[in-house]
Structures are given as C-alpha cells and as structure tokens.
Amino acid sequence: MSYKSMREWMGILEEQGRLKHVKREVSTEYEIAAVGKKACGKYAVVFDNPKGSNMPVVTGLTGSREFFSKALNVPISELAPHFERAQANPMECRIIEKSLAPVKEVITEDVDLTKLPIPVHHEKDSGSYITAGVLVAKNPETGEKNVSIHRLQVTDKNHLGILILPRHLMHFHRIAEKKNQPLEIAIVIGCDPITMLSSQALTPIGQDEFCIASALYGEPMELVKCETVDIEVPAHAEIVLEGKILPNVRKPEGPFGEYPKYYGPRKDREYIELTCMTTRKDPIFQTIVPATNEHLLLGGIPREGGILQLVKNAVPTTSAVHLTPGGTGRYHLVIQMDKRNEGEAKNAIFAAFGSSQEIKHVVVVDKDVDIFNPIEVNWAIATRCQADRDVFIVSGACGNKLDPSTNDGLSAKMGIDATVPMEYKGTDKFRRIQIPGEEEIDLDSYLG
Ligand code: MN
C-alpha cells in the first residue's frame with residue numbers, strides 16, 4: 001500500500017482532485033458538519049480555519065465505495081471479500097521507538113479539549129462530539145486488545161462521555177469495574193482508511209483489529225507505546241488522547257444524532273478522564289459527520305465481509321452481499337446467490353440473521369440481479385416474489401437499540417426470497433427481455 005497515515009492518504013486524494021480546502025473561517029457548530037455532509041461522496045474537505053482553533057479539520061476521507069476501492073486497491077465488488085480475507089489472515093503489528101513516531105512530536109499532560117476544533121454536528125446534539133476516535137483498550141485479565149469507535153461527548157476540558165454498546169469494550173470495562181479499577185484506554189484521532197475500516201471488523205472477542213490492518217497493508221502496522229497508560233497506538237496518527245474509563249461513575253451523555261438518522265437519547269453513561277495528549281507538531285483533526293455515507297460504509301464494508309463468510313458457510317453458491325445505504329448500512333441486507341436447491345434462500349437468510357444482531361430485513365436475489373442497484377433489487381422483489389410463499393417474519397429477536405421502531409432493541413426480523421423458483425430456472429417464464437446488440441451500442445457514434 002502506498003500510504004500509512006491519514007495525511008499520506010489526503011495527499012493521494014489531493015493529487016486526484018478529490019480533496020478540497022475551505023480557506024475561509026468556519027464555525028465548528030453545524031457549519032463544518034453541513035459543508036462536510038454536502039460534499040460527502042464527492043470530495044474530502046479540509047477546513048483550514050475553524051473558529052477558535054488553529055488546527056485544521058478534515059472530513060469525508062472515504063465518502064463512497066469508490067474511495068474505499070482506491071484506498072484498498074481492489075474493485076468495488078471485491079471490497080467485502082478482500083476485507084474478509086485479511087480478517088482470516090491477520091498479521092502482527094510492530095512496535096517502534098517513540099523518537100520515530102510522528103504522533104509523539106508534542107506531549108502534554110495538561111489536556112484541554114476546548115482548544116481542539118471538535119464539531120457540534122446535529123441540531124439536538126448535547127454538544128461537541130469526537131466521532132472519528134479509534135479507541136484502544138486491553139482486557140485487564142488477559143491483556144488482549146480491542147479496537148473500536150464510540151461517540152465521545154466533550155463534557156469539559158479533560159472528560160468525555162461515551163456510549164458503549166454491549167460488545168467487547170463493555171466486557172473489558174465490566175471486568176475492571178468489578179475490581180473497582182479504571183480501564184485504561186487511548187483514543188486515536190486522524191487515522192488512515194485502513195485503520196478506520198479494521199476497527200469495525202466483526203471479530204471474536206480477543207482478536208486484535210490492528211492485525212487486520214497489518215494484513216491489509218501487507219506489512220506490519222507501526223504502533224508506539226503510550227505515555228501514561230499501558231497501551232500501544234498507531235504511530236502515524238495525528239492525535240492520541242490517553243486516559244481511563246472510571247469505575248462506577250455514570251454521567252449524562254447525549255442526545256446525539258446517530259447512524260439511523262435519529263437521535264440516540266440522553267442517559268447516564270460511562271465517563272472518561274484524560275491523562276495525556278500526544279500529537280504531531282501540526283496536527284489535523286478528523287471528524288466523521290454521523291449518518292453520512294462515510295459513516296455507514298465504515299461499518300458496512302467490514303460487516304459485509306464477515307456476513308459473506310457466514311452466509312457462504314450455509315449456502316456455498318452465495319456470490320455477494322450488500323448492506324444497503326437506505327437500510328443505514330446495518331439493517332437491510334441483500335444476498336446474491338446461484339440457487340441450486342429449493343429452500344437455500346431461506347437458509348441463507350437464517351445465516352445472515354445469525355451473523356449480526358443489527359440485520360433486520362434480508363432479501364435474496366439470483367445471480368443476474370445487480371445487488372448494488374436498488375432498482376434491480378426492487379424489480380426482483382416485484383417480479384420474483386409472492387408474499388404468502390416467499391416472506392417470513394420472526395418476532396421478538398435481538399435487534400439494535402438505536403432503531404427507534406424496536407422495543408428497546410427487541411426486534412422483528414423479515415426474510416424475503418426474491419429468487420426464481422427452481423422449477424422455472426432457465427425457462428422462458430422468467431427470461432429477462434433483451435435487445436440483441438444493445439450492450440455494444442456506442443450511443444455517441446449514433447447521435448453525433
Ligand atoms: Mn473486538
């Protein structure tokens with residue numbers, strides 16, 4: 001890979017005309033989020049002059065599948081399988097000397113978050129939020145690492161509120177809390193796309209997500225030891241905040257505009273105290289505007305990789321999966337397969353439900369349907385599905401708490417088989433209309 005830091009990736013985007021600078025002064029309250037959201041998918045944007053800070057802000061570094069395709073150097077259709085292969089073949093990281101780590105150029109134990117250009121993103125948000133902070137922690141008993149991204153509310157100059165869903169970090173924190181001990185953490189801001197993507201892998205607990213990043217780079221990722229906590233962080237990042245999640249402390253956090261395009265509610269949640277900040281000498285702050293394609297794809301592509309593997313185990317002729325943007329990159333899954341036996345579509349749907357709690361509605365289509373094109377998927381449902389025969393619903397399963405239609409996370413699941421029944425496969429009844437030669441027509445040569 002030709003980059004190993006966020007700023008090297010920014011350089012590549014700039015060369016290709018996909019990164020723009022906003023030179024005028026902008027407000028960190030709403031204005032950065034509004035411009036970033038409008039540009040997302042077209043351009044990455046650097047705000048050179050945010051009000052109240054001399055640190056630039058960047059957003060939209062991977063705003064579409066095309067950006068990820070460039071970042072991973074594979075075609076769009078290969079993103080999920082490529083990620084899955086890296087996850088199945090992790091590679092160790094390498095720890096380098098502090099003197100060689102750019103993120104150690106400036107070190108301060110007097111952390112003051114109010115000096116950072118941390119945006120307020122949405123109308124009802126409780127305040128400034130760090131949205132692109134890669135959080136690293138270790139299991140207090142085994143030392144196994146976990147890497148994850150959480151919304152982080154700036155509460156004062158050295159405290160953050162955090163939302164921790166019932167996954168790996170929560171497990172680590174509860175182990176520490178039982179002994180009335182804090183859980184040491186580090187929050188890394190300004191990472192490259194590979195690090196960001198790897199942090200979102202659907203891994204078993206104990207698997208180090210950074211080792212997936214190494215596999216994607218094709219060489220060991222370079223980490224460096226923290227100053228005040230026993231944690232290693234990406235050496236080429238922009239900013240590292242060191243600290244601890246306090247035991248038996250909960251403080252109000254939220255509301256916050258989340259990926260389903262609704263607000264997550266205000267509640268008493270875990271609380272972080274910061275002990276140190278290390279940065280480059282001229283750091284760039286990264287933000288991800290919640291619910292944009294950048295946000296949805298960062299979670300969606302690694303999930304697709306994991307889901308593809310599990311659905312393939314159930315039905316080997318599964319060729320692709322897609323978490324749709326309308327389905328928030330989490331709730332709606334489309335599976336493409338070359339069905340060989342009646343009933344396989346339903347088996348694939350069961351496997352998909354088992355792969356991720358968040359999946360809510362699954363559509364299975366045949367191999368001739370482009371699953372990245374919503375018109376094609378809609379057409380398959382319209383013409384290959386009979387609801388009384390092909391749709392089934394399961395009540396009261398575990399879903400996602402951020403989906404406001406669930407009963408605090410208790411959710412129904414629906415499967416839709418939109419594949420042609422085996423008895424009609426290859427017959428004229430389901431033959432797509434086709435104009436011979438249409439594909440080869442060069443329209444411009446006809447229209448002059
Ligand atoms: Mn994990």
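**Figure 1. Coordination of the manganese ion in the predicted model.** Three residues supply the donors to the manganese ion: Asn146 through OD1, His168 through ND1 and Glu209 through OE. The coordination distances are 2.1 to 2.3 Å. Along the chain, these donors follow the spacing N-x21-H-x40-E. His168 belongs to helix 5 (residues 168-178) and Glu209 to helix 7 (residues 209-217), so the pair ties together parts that are 41 residues apart in sequence. His168 and Glu209 are both buried.

**Figure 2. The largest pocket and its lining.** The largest pocket holds about 1100 Å³ of space. Its lining is formed by 42 residues, and those nearest the centre are Leu165, Arg167, Gln200, Arg303 and Glu358. Strand 8 (145-149), helix 5 and helix 8 are the elements that each contribute two or more residues to this lining. Classified by side chain, the lining comprises 17 nonpolar, 16 polar and 9 charged residues.

**Figure 3. Helix 9 and the elements packed against it.** Helix 9 spans residues 344-355, a run of 12 residues. From its first C-alpha to its last, helix 9 reaches 17 Å, which is close to the 16 Å expected at 1.5 Å a residue. The buried residues of this helix are Glu344, Ala345, Ala348, Ile349, Ala351, Ala352, Phe353 and Ser355. These buried residues pack against helix 8 (293-314) and against four strands: strand 22 (332-337), strand 23 (361-366), strand 24 (391-398) and strand 25 (410-417).

Conventions: Residues numbered from 1 in each chain as written. Predicted model: local features only at pLDDT ≥ 70, side-chain atom pairs only at ≥ 80, totals over all residues. Heavy atoms only, no water. Donors = N, O, S within 2.8 Å, 3.2 Å for Na, K, Ca; no water. Buried < 20%, exposed > 50% of the residue type's maximum accessible area, 1.4 Å probe, protein only. Expected span 1.5 Å × (residues − 1). Contact = heavy atoms within 4.5 Å. 1 Å grid on protein atoms, 1.4 Å probe; cavity = no way out; pocket = protein on both sides within 12 Å on 5 of 7 lines; lining within 4 Å. Points joined across faces, edges and corners; volume = space filled by probe spheres on them. Nonpolar A, V, L, I, M, F, W, Y, C, P; charged D, E, K, R; others polar.
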